[in-house]
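Student: I'd like a close look at how the helices in this model sit against the strands and against one another. Please take one piece as your starting point and build outwards from there.

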Amino acid sequence: MTAPAFKVLVKSPYSQYSGYGHDGFELLRALYRWGADVYPQPVWLDVPIPPDLMPLFGKTLTGPFDLTICHWDPAHLEITRQAREMTRLAVAWTMWEMTSMSGPPGTGFGRGRSKMREHLRWFDAVLGYSDVTMQALAPHIPKHVHRGVLQGGFEAAEWAYMDRDWSDDGVFRFGMHGALNRRKEPFIVLQAFLELCEEQPEFKEKARLLFHTTIPGLLPEMNEIYARAGIGVRVYLETWDKARLDQYYQACHALVYPSHGEGKNLPCLEFSATGGAVLATDWSGHQNWLREDTGYPLACTVEPMYPDKPELAHWAVVDVAEVKRAMWHVFTHRAEAKAKGQAAACLIPQMCSWDAVIETLFRRLRDMVPNQGEIVHNLAMACRRAEQPL
């Protein structure tokens, strides 16, 4: 007997150039791989569209649907009453990296928050990538709407374990990759690296720091300056394909992210799957997967994002001394870093792959939303492809 179709509508940005957009593509792929009849509803769409997903973007949005997922920035989460009537269950899924949606007037921070409660009222459930996300959203979620934490995943099958030279006499490379803006704090990493080069001759000789960024801030013109000083810092301001990123991950031994906040941190999940060591802020989305036995949590304090307005949003702060301590420790304990990377390569794909996340999503909806959640879960389980592990 043929299983009943399980129709899922995913309203999201779709783009290779943003976190939400990248997750939108991967969410579609994971649902299709599961066995769902998937329909994308782009709120914006950037080319190129991955070739394997192209057929989905030619489908007509014909309801009714069993599940509608709105996966976007908190201020843009919305489903109309009419759209809600065309779906069995409606879920808002989002991430936010600070403790509040509140910021000083005129900054644009948390724009749209005044209408969030109205926009969320037709959803059955709101899911946030982290506890911090849900703390920020809590004042804006109507009481009748269910809520919970579920972090997005990553395409684990694309990131195989990589052998690296971890010998004590070899060059050791630290890295950062992505849109390296203020929230990521690349200049704290740079300062920590430069201070270690000044204080530890062995570090200056054998350590390298590689920044790959897709936005201005760190500029390639810095390369010549540090080369003249005999300091191993290099900046790449480029757009890379998968093959080039593979080369970069292979070259690096550790990624360093003293971020103020993260919904997930895709580069760190990918890098962990390859067996690299991750040094990252012990807060927000990192806490869902970063552990002492698989990486290096960086101690932090939670402080006002705007120091002169402590009543508004807070985020994590990692100081330079903590980053220096962790970088020096990894540099001088390479066997330990290798072992933690190997442990992460075993654990992270099982725990954080999109396939694992999608299964958790269906079970979470069953437990969160009476009646309709159980129906959606059962439909999802009935359509599951045979090759999906139980």
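Tutor: Let's start with helix α5, residues 186-199, which lies across β7 (172-178), β8 (207-213), β9 and β10. Its direction runs at about 165 degrees to that of β8. Keep in mind that this is a predicted model.

Now for the sheet under α5. The strands α5 lies across, β7, β8, β9 and β10, belong to an open sheet of six, and reading across that sheet you get β9-β8-β7-β10-β11-β12. The pairing is parallel. At the two edges sit β9 (233-237) and β12 (296-298), each with a pairing partner on one side only. Going from one strand to the next, the twist averages 20 degrees. If you want one pairing to zoom in on, take β10 (residues 254-257) and β11 (residues 277-281), which pair in the parallel sense over four bridges. Among the partners there, valine 256 is bridged to leucine 279 in β11.

There's another sheet to look at. Six strands make an open sheet in the order β2-β1-β3-β4-β5-β6, with parallel pairing. Its edge strands are β2 (37-45) and β6 (146-149), each pairing on one side only. Here the twist from strand to strand averages 20 degrees. Inside this sheet, β1 (residues 7-14) pairs with β3 (residues 65-71) in the parallel sense, over four bridges; lysine 11 has cysteine 70 of β3 as its bridge partner. Helix α1, residues 19-34, packs on this sheet and touches β1, β2, β3 and β4 (87-94). The direction of α1 makes about 160 degrees with that of β1.

Helix α12 joins in too: it lies across β3, β4, β5 (125-128) and β6, and runs at about 120 degrees to β4. That brings us to helix-helix packing. α12 (residues 354-368) packs with α13 (residues 372-383) at an angle of about 150 degrees, their axes 7 Å apart. Angles over 145 degrees count as roughly antiparallel, and therefore α12 and α13 go down as roughly antiparallel to each other. Their crossing is left-handed. On the α12 side, the contact is made by Phe362, Arg363, Leu365 and Arg366, which meet Gly373, Glu374, Val376, His377, Ala380 and Met381 in α13. Sorted by class, that gives five nonpolar, two polar and three charged residues.

Set that beside α10 (residues 320-332) and α11 (residues 334-352), whose axes come within 5 Å and cross at roughly 95 degrees. These two helices are therefore roughly perpendicular to each other. His329, Val330, Phe331 and Thr332 of α10 make the contact with Arg334, Glu336 and Ala337 of α11. By class, this contact has three nonpolar, two polar and two charged residues.

Zooming out, the protein chain holds 13 helices and 14 strands. Its C-alpha atoms fill a box of roughly 65 × 50 × 35 Å along the principal axes. As a sanity check on overall packing, a compact globule with 390 residues would have a radius of gyration near 21 Å, and the 22 Å of this chain agrees with that.

Notes: Residues are numbered from 1 along each chain as its sequence is written. This is a predicted model: local features need pLDDT of at least 70, side-chain atom pairs count only at pLDDT 80 or more; totals for chains, interfaces and linings use all residues. Side-chain values use heavy atoms; hydrogens and water are left out. Axes are lines fitted to C-alpha atoms, for helices over the stretch in contact, and angles run from 0 to 180 degrees between N-to-C directions. Angles under 35 degrees count as roughly parallel, over 145 as roughly antiparallel, 65 to 115 as roughly perpendicular and the rest as oblique. A crossing is left-handed if the near helix is turned anticlockwise from the far one by less than a right angle, and right-handed if clockwise. Contact means heavy atoms within 4.5 Å. Ala, Val, Leu, Ile, Met, Phe, Trp, Tyr, Cys and Pro count as nonpolar, Asp, Glu, Lys and Arg as charged, and the others, Gly among them, as polar. Two strands pair if DSSP finds at least two bridges between them. The radius of gyration is taken over C-alpha atoms; the globule rule is 2.2 Å times the number of residues to the power 0.38.
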